[in-house]
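Reader: Hi! Could you take me through a close look at one acidic residue in this model and its setting, and then show me how the rest of the protein is put together around the parts you mention?

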Amino acid sequence: MFHMRSQVRREKDFLAVLGQPLLAARPLRPETGVAQAEQLHDHWFSRQRLLPVVSAVPGEGRTRLALDLARKLAASGVRTLLVDGDLRSPGLHRAFGLPNRQGLADFLAGRDVKPAQCADNLAVLIAGVVPADPLETLASPRLRPLLSAAATRFGAIVIDTPAARRGPDLQIFAALAGGALGLASRDSSNAMALTGLSRRLRECAAQLVGILLRQ
């Protein structure tokens, strides 16, 4: 047993808090990235196009994981859309050297926005101008049709989200997808924070598709 505020370091403890995912938990290492992308393609994207990347607390590397997964899917020939759904602290635009204008937030506010083609098989929809109320913006009725239309054009849609500790934003994407890919760090994750993430996923009936454990 471990205290709710203690660090969670062993794989069995992560699974005890978060539950058993659809796919086996994996260590987050460079050499596992391709295998993880292939497994997700075969067991998730073959039936569902959306997959948000989630974690309990900020700073665990969600954006980097979402970016790496999208690039590996695209490199394998899957037409992929990478979406910055973190309207609180967006970061994907910096990875591509793009100004954070004309993105998801702007589309949800009623403007016409298109993803940027950044590589073969890889398009990116940045966050756009940070709104005063990110949660209210994500509640726009324009979000579901946007992702539904994207699902007819792309074989995989990977979504970066804010950490669970920052609010319920991730639940909007997880509910639409029916699942989420979790990231946890042995250095920063504690049982209380992970329990909060698990609760948010249960509240929106989203399955934990996989867990990547960062050393």
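Author:
**One aspartate and its setting**

At a relative accessibility of 1%, D169 counts as buried; that word means under 20% relative accessible area, while exposed means over 50% and partly exposed is in between (1.4 Å probe, protein chains only). Before we go on, please keep in mind that this is a predicted model, in which local features need pLDDT of at least 70 and side-chain atom pairs count only at pLDDT 80 or more, while totals for chains, interfaces and linings use all residues. Residues are numbered from 1 along each chain as its sequence is written, and side-chain values use heavy atoms, with hydrogens and water left out.

D169 belongs to helix α8, which covers residues 169-177; helices (H or I, at least four residues) and strands (E, at least two) are DSSP runs, numbered from the N terminus. What does D169 touch, leaving aside its neighbours within four places in sequence? R88, P134, L135, L138 and P162 are its contacts, a contact being heavy atoms within 4.5 Å.

Among those partners, P134, L135 and L138 lead us to α6, which spans 134-138. The loop between α6 and α7 (143-151) holds A139. At 55% relative accessibility, A139 counts as exposed, in contrast to D169, which is buried at 1%. The C-alpha atoms of A139 and L108 are 8.7 Å from each other, with the two positions 31 residues apart along the chain.

Past that loop, α7 has buried residues at L143, L146, L147 and A150. These four sit on the same side of α7, because they cover an arc of only 90° around the axis; the arc is taken from the directions from the helix axis to the C-beta atoms. As a reminder, an α-helix has 3.6 residues a turn, so residues three or four places apart point the same way.

Now let me widen the view. The protein has 9 helices and 8 strands, and 53% of its 215 residues count as buried. Of the contacts between residues at least 6 apart in sequence, 80% join residues at least 24 apart. The exposed area comes to about 9700 Å², with carbon and sulfur atoms supplying 51% of it; accessible areas come from the Shrake-Rupley method with a 1.4 Å probe, and for residues only the protein chains shown count as cover.

The largest nonpolar core has 27 residues, and L40, L82 and V158 touch the most other members. Here a nonpolar core is a set of buried Ala, Val, Leu, Ile, Met, Phe, Trp, Tyr and Cys residues joined through side-chain atoms within 4.5 Å. Two or more residues come from each of α2 (33-43), β2 (50-55), α3 (62-75), β5 (122-125), β6 (156-160), β7 (179-185) and β8 (207-214). The largest share, 7 residues, comes from α3. If you would like one residue to centre on, L82 touches A66, L67, A70, L92, F96, L122, A123, V124, L125 and V158, not counting residues up to four places away in sequence. Another core, of 22 residues, lies apart from this one, and A105, F107, A127 and F173 are among its members.

Two of the contributing strands, β7 and β8, run parallel and are joined by 7 bridges; strands pair if DSSP finds at least two bridges between them. One of the partnerships links G179 to Q207 in β8. In β8, 6 of the 8 residues are buried, which leaves the strand mostly covered.

Finally, the charged pairs. The model has 5 salt bridges, each a side-chain nitrogen of Lys or Arg within 4 Å of a carboxyl oxygen of Asp or Glu. One of them joins D68 and K72, at 2.6 Å from N to O. These two residues are 4 apart in helix α3, so about one helical turn separates them. D68 is partly exposed at 31% relative accessibility, and K72 is partly exposed too, at 22%.

Another bridge joins E203 and R199 (3.4 Å, N to O). They are likewise 4 residues apart, in helix α9 (residues 191-203), which means about one helical turn lies between them. E203 is exposed at 52%, whereas R199 is partly exposed at 36%.

R111 and D106 form a further salt bridge, with their closest N and O atoms 3.4 Å apart. R111 is partly exposed at 42%, while D106 is buried, with a relative accessible area of 4%. That brings us back to the residue we began with, as D169 is also an aspartate that counts as buried, at 1%.
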